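Subject: Structure for your review

Dear colleague,

Please find below the structure that I am handing over to you. A summary of what was found in it follows.

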Amino acid sequence: MKIRHRLSLQFTLITGIILTGVFILIYLLSAQYIRNSFFKLLQVRALVTAQVYLEKDELTKKKFLEIEKSYRQSIPDESSNIYDQEDKPVFLENIKYTWPNSLLNTIRKTGTYRFTFGENKYGVGMFYPDNQGDFVVIVTAKNKPGEQQLQYLALILGIILCISLLVTYGLGQWFASKALQPIQSINRQVKRIRSNNLHMRVEQGRNKDEIDELARNFNELLQHMEQAFEMQRSFVSNASHELRTPLTTIIGEIEVTLHRERNKEDYITTLSTVLDESEKLKMITDGLLQLTRVDVILTAANTELVRLDEMLWEIQEHWRYKTPPLQADVIMNDMPEDAARLTLRGNRALLMLALQNIVRNGFKFSYNQPVSLRLTYNKSGMVLSVSDKGIGIAPSEQDKIFMPLYRADNAYTFSGYGIGLAMAQRIFQLHQASITVSSVLGQGTTFNIFFPAEIKI
């Protein structure tokens with residue numbers, strides 16, 4: 001079921017529940033009002049009956065004639081009874097109902113007593129003291145006009161409810177269509193977006209509502225997808241180039257060698273070239289395999305508490321004893337009093353691999369000039385800045401250097417295959433850390449790695 005129909009049905013259901021509750025309340029209040037009005041009418045009839053039979057000798061002729069005229073205007077199906085002090089019926093000969101003594105005593109105690117009996121029959125009993133004695137007057141009748149009014153009211157309320165539900169459903173469809181029209185527009189635009197036109201974007205509205213937020217989030221998703229596709233194309237292009245170069249060399253050397261018979265030295269030279277190129281292929285494939293193995297899930301079993309400052313001192317010692325020795329300057333800023341705050345939970349081997357890849361690149365692209373490792377602490381976490389004085393990276397390429405097998409234009413004169421930075425970024429992401437780069441061509445590059453204060457594993 002479409003959202004438009006579901007919203008209309010839900011809106012209609014809510015409206016129906018509310019109207020049903022209101023109509024039931026109206027019906028009950030009307031029924032109570034009609035019931036009370038009829039009881040008051042019966043009470044008036046009881047008083048008139050008592051005056052007709054008990055006050056004839058005390059009233060003026062004119063007054064009595066008015067009361068008698070009012071008495072003749074009886075209620076349909078009306079029945080009256082008058083009882084004396086000995087609970088015997090008096091004055092009225094045609095007695096329709098015989099009432100028990102308990103009811104008569106109740107009327108004497110309360111003065112006026114209302115009751116119902118049978119099928120929708122009402123009665124009012126009145127205690128009437130007179131100079132002739134104390135009497136009890138009971139008048140009963142069936143409220144046929146009131147029942148007809150309630151039936152008519154129920155019919156009218158039912159018809160109004162049905163018409164209201166139909167109108168509500170129609171209006172709900174119209175409002176839902178209007179409200180969801182931007183989503184339908186988004187759907188039409190999304191249907192036109194394919195892998196070959198990911199540059200297209202969904203038009204955003206000006207209402208700053210949830211639909212506008214949906215369009216904005218979808219555009220951000222498209223942007224990420226476009227970047228991912230671009231990265232994939234670049235990866236395929238770079239991988240093809242890196243793999244094709246040694247393969248072309250191998251095939252060319254073998255074809256030239258097989259073209260005619262060679263001496264032993266030529267075969268050795270060819271095999272040496274083939275071996276060198278095969279080792280390059282092995283290094284590339286090993287790097288790619290190692291890159292895929294980085295996509296692990298960190299758990300309590302494969303992680304430990306790691307002191308980041310101790311790792312930096314270890315990296316410094318590692319490069320100091322290389323041949324030739326290389327200088328890695330470790331700088332500490334704003335260190336906390338509690339050294340435990342420099343501890344983070346992670347996989348030590350992977351973190352060391354990522355940091356060494358960045359430091360190694362710093363030495364390589366600066367012709368083995370000193371590399372600085374600056375660690376800064378604050379309440380939100382730790383920032384490690386790795387800086388070199390190398391060849392730098394062009395601004396247009398700084399967003400691409402973390403792609404596998406991507407190499408900047410000025411890096412092709414150096415050995416390597418563009419795998420180290422991609423691997424380092426994935427390792428940092430596993431540890432919920434982020435890495436950014438800032439660089440100036442010919443002056444150097446700085447990698448900033450932010451480690452949050454708490455890493456949830």
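**An aromatic pair at the surface**

At a relative accessibility of 48%, F175 is classed as partly exposed, because buried residues fall under 20% and exposed ones over 50%. Please bear in mind throughout that this is a predicted model. W174 is likewise partly exposed, its relative accessible area being 48%. The ring centres of W174 and F175 are 4.9 Å apart and the ring planes meet at 75°, so the two form an edge-to-face pair; an angle over 60 degrees is what places a pair in that class.

**Aromatic pairs in the whole structure**

How many aromatic pairs does a search of the whole structure find? The search returns 15 of them. One further pair joins Y97 and F117: with ring centres 5.3 Å apart and planes at 80°, this pair is also edge-to-face. Y97 belongs to the loop between β1 (79–83) and α3 (101–110), while F117 belongs to strand β2 (residues 112–117), so their pairing ties together parts that lie 20 residues apart in sequence. Are these two residues buried or exposed? Both Y97 and F117 are buried. They also belong to one aromatic cluster, which is formed by Y97, W99, Y113, F115 and F117.

**The cavity**

Rolling a probe the size of a water molecule over the atoms shows where empty space is left. In this model, one cavity of 30 Å³ or more is present, and the volume of the largest cavity is about 30 Å³. Which residues line the largest cavity? They are D77, S79, K96, Y97, F117, K121, T140, A141 and K142. The aromatic residues Y97 and F117 described above are thus met again here, in the lining. Strand β4 (residues 133–142) contributes the most to this lining, with three residues. Sorted by class, the lining comprises four charged, three nonpolar and two polar residues.

**Two further contacts**

A charged side chain is found over an aromatic ring elsewhere: K322 lies over the face of W319, at 5.8 Å from the ring centre.

The other contact involves Q398, a residue in the loop between β9 (381–388) and α9 (420–430). Q398 has a relative accessibility of 14% and therefore counts as buried, the limit for that class being under 20%. A polar atom of the Q398 side chain lies 3.3 Å from the backbone oxygen of S439.

Yours sincerely,

A colleague

Notes
Residues numbered from 1 in each chain as written. Predicted model: local features only at pLDDT ≥ 70, side-chain atom pairs only at ≥ 80, totals over all residues. Heavy atoms only, no water. 1 Å grid on protein atoms, 1.4 Å probe; cavity = no way out; pocket = protein on both sides within 12 Å on 5 of 7 lines; lining within 4 Å. Points joined across faces, edges and corners; volume = space filled by probe spheres on them. Helix = DSSP H or I, 4+ residues; strand = E, 2+ residues; numbered from the N terminus. Nonpolar A, V, L, I, M, F, W, Y, C, P; charged D, E, K, R; others polar. Phe/Tyr/Trp six-rings, centres within 6.5 Å; stacked < 30°, edge-to-face > 60°. Buried < 20%, exposed > 50% of the residue type's maximum accessible area, 1.4 Å probe, protein only. Lys NZ or Arg CZ within 6 Å of the ring centre and 35° of its normal. Polar contact = N/O pair within 3.5 Å; in protein donor to acceptor, adjacent residues only side chain to side chain.
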